[in-house]
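Let's take a friendly walk through this structure, starting with the empty space inside and working outward from there. Keep the model open beside you as you read.

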Amino acid sequence: MTVIADLSNQPSGSVVKGIFIVTRIRRRTQATHRTCSYVTLRDNSGELGVYCWNNEIPAGTLVPGKTIDAELSLLHLDGRLKATLTQAAPVTFEEANPFRYVALSSIPRPDLVDRLENLIDGIDFPVIQSFLKDVFSEDPLTIPFLQLPASRNHHHSWPGGLAEHSLEVAELAYQASYLDENHERYLALAAGLLHDIGKVWMSRTSGSKRAVPHIVRHEDLTFEILGPAFDKLDNNWPDGGAALRYLLRWRQKPGENRPLIPIAMAVRYADQYSAAVSARRIADRERMPWEHYAKLDVAGPVTRFWFPKSVIQSDR
């Protein structure tokens, strides 16, 4: 399969195949008064506009947001590449890889795309794997998830911090739940990965807040965002859908001894641990070498950290 970045190296007259996502379609009229479709295709190596004269491509194939298996005819004219879409077929959800089509140039930390893809590909439980692929199959969710900070100035407060923190929580929750059954460990992983997904709808790409946070919590938006994916999960595994909702919502209440599903504790503490380590590292930037304490200079309750010496001093 060919990627867009390599097409300019192909000789004129070549016919190549590749899998791309359709991002835009426009109608164009040529000097000969012939009308064609001008289709913009994308994979994670770049974008390409192609001409389409083939009226036999099945209806519903060339739709923005859809993934297609395409055949392209290439021609070099005056040093520029002209590509024509000769054949196209829809790619099924099982065959599609949502991370193949992320525009890496728009992602502050491209390594997080690979890390997210590898995490989901490594899930040895097809129902959870399909659920997470379904969640991240749409650009309006995946792109800001990979771009936004996790907080304004408390922890992971840099571009890409939301994905970094979410991946840490997913990995830590999975590791901490090694005493549980395999399917429950993957539920913990999924809950850790999605626990802050509501922040995507609360922030602009720049990280500045919208008006909605004043009256709505990001935890409430989580279930609205995940609604379509939950519908499919409920059909395939009703108990899994109920359990994942419980994990995403659970917070220990006064007088409550233990959660109904113990892995809820793993998810909660993984979240707290990831945030605390990040906050400590931020505080450490302002600490002098001889100081043992550092304070995180943010609004709200004072957050202080202690840094024990790494050198053992012998008694004299």
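The largest cavity has a volume of about 110 Å³. Please bear in mind that you are looking at a predicted model. A search of the whole structure turns up one cavity of 30 Å³ or more. As for how such spaces are found, rolling a probe the size of a water molecule over the atoms shows where empty space is left.

Which residues line the largest cavity? They are A191, H195, E219, T222, L247, L248, W250, R251, A264, V267, R268 and D271. By character, the lining divides into six nonpolar, two polar and four charged residues. To find your way around it, look for α7 (218–225), α9 and α10 (263–284), since each of these supplies at least two residues of the lining. The largest share, four residues, comes from α10.

From the cavity, let's turn to the nonpolar packing. The largest nonpolar core has 52 residues, and those with the most contacts inside it are L132, F136 and F145. Helix α5 (residues 182–194) gives this core its largest share, eight residues. L132 is a good place to zoom in: leaving aside residues up to four places away in sequence, L132 touches I120, I123, L189, A190, L193 and L194. There is also a second, separate core of 19 residues, which includes C52, A70, L72 and L85.

L132 also brings us to helix α2, where L132 is one of the buried residues. Is α2 enclosed or open to the outside? Seven of its 10 residues are buried, so α2 is largely enclosed by the rest of the structure. The buried residues are I128, Q129, F131, L132, K133, D134 and V135. Around them, the packing partners are α1, α3 (139–147), α5, α8 and α9.

One of those buried residues, K133, leads on to the charged pairs. Side chains of opposite charge can pair when their charged atoms come close. How many salt bridges does the structure hold? There are eight. In one of them, D121 pairs with K133, and the closest N and O atoms are 4.0 Å apart. D121 lies in helix α1 (residues 110–121) and K133 in helix α2 (residues 126–135), so this pair ties together parts that are 12 residues apart in sequence. The two partners sit in unlike surroundings: D121 is partly exposed, with a relative accessible area of 40%, whereas K133 counts as buried at 16% relative accessibility.

Another salt bridge joins the side chains of R245 and D234, at 2.8 Å from N to O. Here R245 belongs to helix α9 (residues 238–249) and D234 to helix α8 (residues 227–236), so the pair ties together parts that are 11 residues apart in sequence. R245 is partly exposed at 27% relative accessibility, and D234 is partly exposed with a relative accessible area of 24%.

Two further stops complete the tour. R287 forms a salt bridge with D284, their closest N and O atoms being 2.8 Å apart. R287 counts as partly exposed at 22% relative accessibility, and D284 counts as partly exposed at 29%. Elsewhere, R109, D111 and E164 are linked in a network of salt bridges.

Notes. Residues numbered from 1 in each chain as written. Predicted model: local features only at pLDDT ≥ 70, side-chain atom pairs only at ≥ 80, totals over all residues. Heavy atoms only, no water. Buried < 20%, exposed > 50% of the residue type's maximum accessible area, 1.4 Å probe, protein only. Core = buried A, V, L, I, M, F, W, Y, C linked by side-chain atoms within 4.5 Å. Contact = heavy atoms within 4.5 Å. 1 Å grid on protein atoms, 1.4 Å probe; cavity = no way out; pocket = protein on both sides within 12 Å on 5 of 7 lines; lining within 4 Å. Points joined across faces, edges and corners; volume = space filled by probe spheres on them. Nonpolar A, V, L, I, M, F, W, Y, C, P; charged D, E, K, R; others polar.
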